[in-house]
Amino acid sequence: MTLNTLGKTMAKNPNQETREHYKKLVDFGSVVSEREYGVYSTPCIHHVTGAGMGKKSIHALPLCHTHHQGSEGIHHLGNKVWEEKYGSQEELLQYIKERI
């Protein structure tokens, strides 16, 4: 277990397989920007609901700030509204899987 300076538990570093997968996601760019608008946007990693940041899951989506935490983001709109607008997280995971 790793503790930060406040004595709180920190997530473990991702393993090599996960790091390589995240690199592919970043290279692909934001899945919503690519799928909806045909453009590359620098992404951050969104851990699909239930995966959790601490688990360093490969079940992750590359989302630009706008579609991750911004005004059109999954964390702002909520899963239901966001998925109605952009597709389910499972659909987007499949979309990415077919392309990287």
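**A tour of the largest pocket and the chain around it**

Start by selecting the residues that line the largest pocket: His21, Leu25, Ile58, His59, Ala60, Glu90, Leu93, Gln94, Ile96, Lys97 and Ile100. Keep in mind that the model is predicted. With these side chains shown, the space to look at is about 190 Å³.

Next, colour the selection by residue class. Six of the lining residues are nonpolar, three are polar and two are charged. The charged pair is Glu90 and Lys97, while the polar residues are His21, His59 and Gln94.

Now show the helices as ribbons and select H1, residues 16–28, together with H6, residues 89–97. Each of these two helices gives at least two residues to the lining of the pocket. Which helix supplies the largest share of the lining? Select H6 alone: five lining residues come from this helix, the largest share.

Then zoom out to the whole protein chain. Six helices and four strands are there to be picked out. Stepping through the sequence, the order to follow is β-β-α-α-β-β-α-α-α-α.

With the whole chain still selected, switch to a surface view. The chain exposes about 6400 Å², and carbon and sulfur atoms supply 52% of that area. Colouring by burial instead, 38% of the 100 residues count as buried.

Last, display contacts across the chain. Among contacts with a separation of 6 or more, 46% are between residues 24 or more positions apart.

Conventions:
Residues numbered from 1 in each chain as written. Predicted model: local features only at pLDDT ≥ 70, side-chain atom pairs only at ≥ 80, totals over all residues. Heavy atoms only, no water. 1 Å grid on protein atoms, 1.4 Å probe; cavity = no way out; pocket = protein on both sides within 12 Å on 5 of 7 lines; lining within 4 Å. Points joined across faces, edges and corners; volume = space filled by probe spheres on them. Buried < 20%, exposed > 50% of the residue type's maximum accessible area, 1.4 Å probe, protein only. Contact = heavy atoms within 4.5 Å. Areas by Shrake-Rupley, 256 points an atom, 1.4 Å probe, with all protein chains shown as cover.
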